[in-house]
Every structure is written in C-alpha cells, then in structure tokens.
Amino acid sequence: KKEITIAIDGFSSTGKSTIAKLIAKKYNFIYVDTGAMYRAVALFAMQNRYIGKNFVDANSLISKLKNISLSFQFNKEEGFAEMFLNKVNIEKEIRTLEVSQYVSQIATISEVRRKLVSEQQEMGKLGGIVMDGRDIGTVVFPHADLKLFMTASANKRALRRYEELIKKGDKVSYEEILFNVQERDRIDSTREDSPLIMASDAIEFDNSDMEIKEQFDAICVFINKLI
Ligand code: C5P
C-alpha cells in the first residue's frame, strides 16, 4: 500500500472530520484534526486571559507560544486521537461554543499558524495521513495526493453543530450556533495569512443534501486509484 497524503479543507461543520475518520479507519491512515490544535491554542489564550470579551493580547500570546506543547493521544474506546495541551487532556474543553467564539481570531495570528503548520508538516512527513482543516491543501501539504473541499449550506451546518452540542448537554440556541458558524467562515475566509480557499486542484463536495455514506463511497473511488 502506498502511504499517501490526503488533505480535507472546507467551511466549519461541513462533515470534514466525519469523512476523515472514516478514511483513516478504512485505510489505516493517521487522522490529524488541525482545528483541534487551533482550539487548543485558543483555550490556552483564554486560560491565561490573552483573549476574552472585547480584548485580544496577541503579543503576550506570541511570547508564550514556546510554552505550548500539543500532542494527540489515541483513545481506543472512542476510536480517535484526543487533544492534549501540556500533557492535559482538553478534548472536551475545546469543543465548547466559547472556544468556537474565540478560535478564529487566534487563527489569524501568523506566529500561531507558523508553529502549528510546522508541527503538522512534521506529523505528515511519512505519509499515510489524512488531515483536515482550512489550509491543508493550500499551505500545509500543497503537494497532497488527494485534496477534498467540503461545503454545505450554512443552515444545514448550524443544525448539525447544534444537534451535536445539545446531545452533549450544552445549553445553546440554534441562532447563536448559526451566527458562530457564519462568523468563523467570514474570519477564516478573509484573514490575510492562509485564508480558507479551495485549492485549484481540489475536488469539491457539497453535502447539503448528500448522505455522508454516499459521499464516502465516492471518495474511496479516488483513494483506491492512488494506493
Ligand atoms: O475545524 P474546526 O472547526 O475545529 O476549526 C476551528 C477553527 O480553527 C476554524 O474556524 C479556523 O479559525 C481555525 N483553523 C485554521 N486552520 C486550520 C484548522 C482550523 O485556521 N487548518
């Protein structure tokens, strides 16, 4: 089997991680959720009060980046790798709406991106990897063997994210989730450093009305040709 590199990019809540996990499982590839890494840095910034309502202290965060150590540890029961920040499992904390409300601002900071991109490139050095995010096909792995770009209507995406959070017991409203999804997309697409755009050689999947299974089958046809 060839150890290929697969890049999955797209707007928030378009099912990128669901597809990535299915691919990783079927082909025995490593799955890296780069959004979790940006979320971890956002959580670090929140914990140290470098970001909050109406303030961002980017310079202090930048000066403390060397104190941030990120790692993934595979959880056998869950079947995926959980995010650790300085050896502490933060998988649950980074999935809250509050982190979602700060993460895109943190992700505009070039020094943050530089650190995470280099760690991601290191993880992908040997191939056999599927990575999802916003800049994987454009910046992290511009020579990826396969690039996918996922889209879906904002309403569908907000509804999925809303159901996910409600199921976990979070008290959120559909309206605030919809606002967050659209706001993150706006910041992610318009930032100066590595904005979210579709790589010219990516294959686009709109899953507004498509079942994940159907889409996964279509993607496997591409992968089977490559390995
Ligand atoms: O994928 P997820 O929704 O968890 O990503 C959270 C945020 O992290 C995104 O909205 C974006 O601001 C940032 N991000 C990024 N580049 C990546 C992955 C995520 O800027 N490769």
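## Around the ligand

Helix α2 is a good place to start, since α2 gives the most residues to the shell around the ligand, 4 in number. Please keep in mind that this is a predicted model. The shell holds 14 residues, and those that come nearest to the ligand are Gly35, Tyr38, Ser104, Ala107 and Gly133. Two or more residues come from each of α2, α4 (97-106) and α8 (174-190).

What is the make-up of this shell by class? There are 5 charged and 5 polar residues, along with 4 nonpolar ones.

## A small sheet and its helix

Let us turn to a sheet that α2 also touches. It is an open sheet of 3 strands, in the order β5-β6-β7, with antiparallel pairing. At the edges lie β5 (70-75) and β7 (88-89), each of which pairs on one side only. Helix α2, spanning residues 34-47, packs on this sheet and touches β5 and β6; the direction of α2 makes about 25° with that of β6.

As general background, the strands of a sheet pair through backbone hydrogen bonds, in either a parallel or an antiparallel way. Here, β6 (residues 80-85) and β7 are joined over 2 bridges in the antiparallel sense. If you would like to find this pairing on your screen, look for Leu85, whose bridge partner in β7 is Val88.

## The annotated domain

The UniProt record, an unreviewed entry, lists residues 6-221 as "domain: Cytidylate kinase". Over residues 6-221, helix accounts for 47% of the chain and strand for 19%. The C-alpha atoms at the two ends of that stretch are 13 Å apart.

Definitions and conventions
Residues numbered from 1 in each chain as written. Predicted model: local features only at pLDDT ≥ 70, side-chain atom pairs only at ≥ 80, totals over all residues. Pairing = 2+ DSSP bridges. Contact = placed C-beta atoms within 7 Å. Axes fitted to C-alpha atoms, helices over the stretch in contact; angles between N-to-C directions. Near = placed C-beta within 6 Å. Nonpolar A, V, L, I, M, F, W, Y, C, P; charged D, E, K, R; others polar. UniProt positions renumbered as here; feature names shortened; annotations may be inferred.
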